[in-house]
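Thanks for coming, everyone. I'll put the structure up and go straight in.

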Amino acid sequence: MPQIAPAFTLYADPRSGNCFKVWLMLGLLDLPFQWVSVDILNRETQTAEFLAMNPQGMVPVLRLSSGESLHESNAILCYLAQWSLNWLPRERLNQARVLQWLFFEQNSHEPNLAGAHFLTHYLGYAPDDPNIVGRIKRGYRALAVMEQRLATHDYLAGERLTIADIALYPYTHTAPDAGFDLGRFPGVRAWLARLEAQPRWLTMAALATSHGSLLSWSKRVLHGL
Ligand SMILES: N[C@@H](CCC(=O)N[C@@H](CS)C(=O)NCC(=O)O)C(=O)O
């Protein structure tokens, strides 16, 4: 059988929720891709070759078959959303509502929830370090904003699943590992369960266990095996 080159190459670290977002989206859309592991702790994002793709020296990077590279996880989600009608509404206000949550994620949510997780798990910060305490406080504020929406709605933007839900999922579902108690956010917990019940949904644990065999997984998708 002739080999079909995957349309995308995803440069990513399987421990990263920002990378997970893109992996999940590619999986949900059934798009074939090749995975290239980049170890951020080993500074593999700082090589000249990597910096040529993303001068910020960060994963994820999505390389297109044209040879062009795209970085910033939420920009990649917007790009991939074009492969389906459902993930990013075309109507202006509805589209802006999705973007509103994407910017919220990067400004108010990810720096605190992902930051607390990374600093404690990978850099050994103590839970009472002022840097962690501040992130936990601000992270709870972000979770409260999500709860306000999700107490009365099934999804973050509009009444259907969009890339806003994909962007906010990873670091919310790993929040307990970062020291957050989700017990006081019943709407957020119900939303997490709702997302995980979607066909083809994937978790960060699935990424961690399968990243070694991702290429063969994408080939299986590609050839429908
Ligand atoms: N805003 C960026 C953040 C990306 C980011 O923080 N990537 C981290 C991993 S989650 C990274 O590559 N860190 C390596 C470094 O800072 O040297 C995005 O959403 O893609």
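Start at Leu70, which sits in strand S4, residues 69-71. Strands here are DSSP runs of E, at least two residues, and helices are runs of H or I, at least four, both numbered from the N terminus. This is a predicted model, so local features need pLDDT of at least 70, side-chain atom pairs count only at pLDDT 80 or more, and totals for chains, interfaces and linings use all residues. Residues are numbered from 1 along each chain as its sequence is written.

Is Leu70 buried or exposed? Partly exposed, because it has 19 C-beta neighbours inside 10 Å. The scale: 20 or more other C-beta atoms within 10 Å is buried, 12 or fewer is exposed, in between is partly exposed, with C-beta atoms placed from the backbone. Leaving aside neighbours within four places in sequence, Leu70 contacts Leu62, Leu64, Ala75, Ile76 and Tyr79. Contact means C-beta atoms, placed from the backbone, within 7 Å. Leu119 is 49 residues from Leu70 along the chain, and their C-alpha atoms are 26 Å apart.

Now the overall fold. We have nine helices and four strands. The order along the sequence is β-α-β-α-β-β-α-α-α-α-α-α-α. The radius of gyration is 17 Å, close to the 17 Å that the globule rule gives for 225 residues, so the protein is as compact as a globular protein of that length. That radius is taken over C-alpha atoms, and the rule is 2.2 Å times the number of residues to the power 0.38. Along the principal axes, the C-alpha atoms fill a box of roughly 55 × 40 × 30 Å. Of the 225 residues, 37% count as buried. Take contacts between residues at least 6 apart in sequence: 67% of them join residues at least 24 apart.

Next, domains. Domain 1 is 8-85 + 205-223, and domain 2 is 92-196. Those bounds come from an automatic or database domain assignment. The two C-alpha centres lie 21 Å apart. Domain 1 puts 10 residues into the contact, and domain 2 puts in 11. On the domain 1 side, helix H1 (17-28) and helix H3 (73-80) each give two or more residues. H1 has the largest share there, five residues. By class, that side has seven nonpolar, two polar and one charged. Nonpolar means Ala, Val, Leu, Ile, Met, Phe, Trp, Tyr, Cys and Pro; charged means Asp, Glu, Lys and Arg; the others, Gly among them, are polar.

On to the core. The largest nonpolar core has 57 residues. Such a core is a set of buried Ala, Val, Leu, Ile, Met, Phe, Trp, Tyr and Cys residues joined through C-beta atoms within 7 Å. H1 gives the most to it, eight residues. Both domains supply at least three residues each. Leu10, Val22 and Ile163 are among those with the most contacts inside the core. Outside its four-place sequence window, Leu10 touches residues including Val22, Trp23, Phe33 and Leu62.

What about helix H6, residues 163-173? It is mostly covered: 11 of its 11 residues are buried. The cover includes H1, H3, helix H4 (92-121), helix H5 (130-150), helix H7 (186-196) and helix H8 (204-210).

Last, the ligand. Its surroundings include Ser16, Asn18, Thr45, Glu72 and Gln106. A residue is near when its C-beta atom, placed from the backbone, lies within 6 Å. The shell has four nonpolar, seven polar and one charged residues.

Terms used:
Contact = placed C-beta atoms within 7 Å.
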